[in-house]
Amino acid sequence: MSTFLVTGGAGFIGGNFLHIMTKKHPEDRYVCLDALTYAGNMETLEPIMGLSNFRFVKGDIRDREIVYKLFEEEKFDYVINFAAESHVDRSIVNPTIFLETNIIGTSVLMDACRKYGIKRYHQVSTDEVYGDLPIDRPDLFFTETTPLHTSSPYSASKASADLLVLAYHRTFNLPCTISRCSNNYGPYQFPEKLIPLMIQKALRNEKLPVYGDGKNVRDWLYVGDHCEGIDLIVRNGRDGEIYNIGGHNERSNLEVVTTILNALGKDDSLIEHVKDRAGHDRRYAIDPTKIETELGWKPTYNFDTGIKTTIEWNLQNQEWLSHVESGEYQNWMKKHYGE
Ligand code: NAD
Ligand code: DAU
């Protein structure tokens, strides 16, 4: 039996990870530490709140006192850091909180790991640390040795955190791994990100705002496949190693939006080209050879099956989405636990 600290578990990917892993590994205990920022949603964790191998703690990864106290109490074997400010557009408006959470928060967690001892610290990173690839070179992919070349304050903060993790490994022998995944989609994604945002807008016959020419390419991975990759790395990966995660599902933004419109029986005339994102990365594409050959990872969804499942989930979970859109989800703690 092992005890896992999962930070940022009330968010999109961390929440999916906890849903899957609390059931897949009932012998293990999962403790979620989450500050419940605008992106943290207790309604996402509602289905697992009653499980005996799950505990939720509200707290900030930058808060050394809370983090150290939790480590003392729980004696973690593994730490998986999902907690982050994750939205590129918000990082363009206000970079500071990205530096504080994504860099300082990571260092506080790793200091706790050094102080109390752990089997492994895992950093959930992103393919955005590699910058972007040209659209007219489909032969090029990000590998684990592609140089870091960031574009946004978000990706710069994630790359800084990665460098810090590698430094703690080399200087302090902290046992650690890093995963760099491509764009995720699936259940419980906050509707500020492309896919859930466009589904919601299409359902209401509102205009779908596509940045620039819409030809920017992302490499889409169904969230459950990302979570399985992280579980494999944490349990079987090699210390000090970086693993890219991606399933070769490149689509332009226009292709993604058109797929959504077609699936919902809506007209392409809803597409509206708007001002481009500053510093907008052109193309992401992952070479997943290392995780496939070393750890036997394989995605179970391709874009066609994943987007179908995701659209269905969004259609069936309009209550979850409407609580996010209205801000009602932020009252969950008060409603369920009182002040
Ligand atoms: P998200 O924004 O949906 O969730 C982030 C969670 O972290 C929220 O629950 C939030 O409350 C929590 N959080 C934020 N600041 C915190 C703090 N200071 N202390 C404690 N908790 C805090 O993000 P996501 O999309 O689920 O991404 C999770 C991780 O995966 C991030 O590290 C992100 O960089 C990485 N990632 C995301 C994608 C993607 O496509 N979404 C792809 C690759 C990697
Ligand atoms: O690649 C991994 C990254 O993917 C993660 O590290 C980030 O946390 C995650 O947010 C995501 O970043 P992107 O910027 O690629 O995702 P986003 O959903 O914001 O945008 C996807 C593409 O769609 C991007 O090219 C910008 C475009 N877009 C986005 C929005 C919100 C639009 O054209 N219109 C929009 O309204």
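Which polar backbone atom lies 2.8 Å from an oxygen atom of ligand 2? In this predicted model, the partner belongs to Tyr211, a polar contact (a pair of N or O atoms within 3.5 Å). Side chains join in too: an N or O atom of the Arg218 side chain is 2.8 Å from a ligand 2 oxygen, and Arg277 puts a polar side-chain atom 2.6 Å from an oxygen of ligand 2. With the protein around it, ligand 2 has 93% of its own 690 Å² of accessible area covered (Shrake-Rupley method, 1.4 Å probe). Two elements, α7 (194-203) and β8 (208-211), each give two or more residues to the shell; helices here are DSSP runs of H or I with at least four residues, and strands are E runs of at least two.

The shell itself counts 24 residues, each with a heavy atom within 4 Å of the ligand. Coming nearest are Ser86, Asp127, Tyr154, Arg277 and His280. Sorted by class, 10 are nonpolar, 8 polar and 6 charged; Asp, Glu, Lys and Arg make up the charged class, and Gly goes with the polar one.

Then there is helix α1, residues 12-24. Of its 13 residues, 10 are buried, so the rest of the structure largely encloses α1; buried means under 20% relative accessible area (1.4 Å probe, protein chains only). Among them are Phe12, Ile13, Phe17, Leu18 and Met21.

As for conventions, residues are numbered from 1 along each chain, and chains are lettered from A and ligands numbered from 1 as written. Local features need pLDDT of at least 70, side-chain atom pairs count only at pLDDT 80 or more, totals for chains, interfaces and linings use all residues, and side-chain values use heavy atoms, leaving out hydrogens and water.

Terms used: Polar contact = N/O pair within 3.5 Å; in protein donor to acceptor, adjacent residues only side chain to side chain. Expected span 1.5 Å × (residues − 1). Buried < 20%, exposed > 50% of the residue type's maximum accessible area, 1.4 Å probe, protein only.
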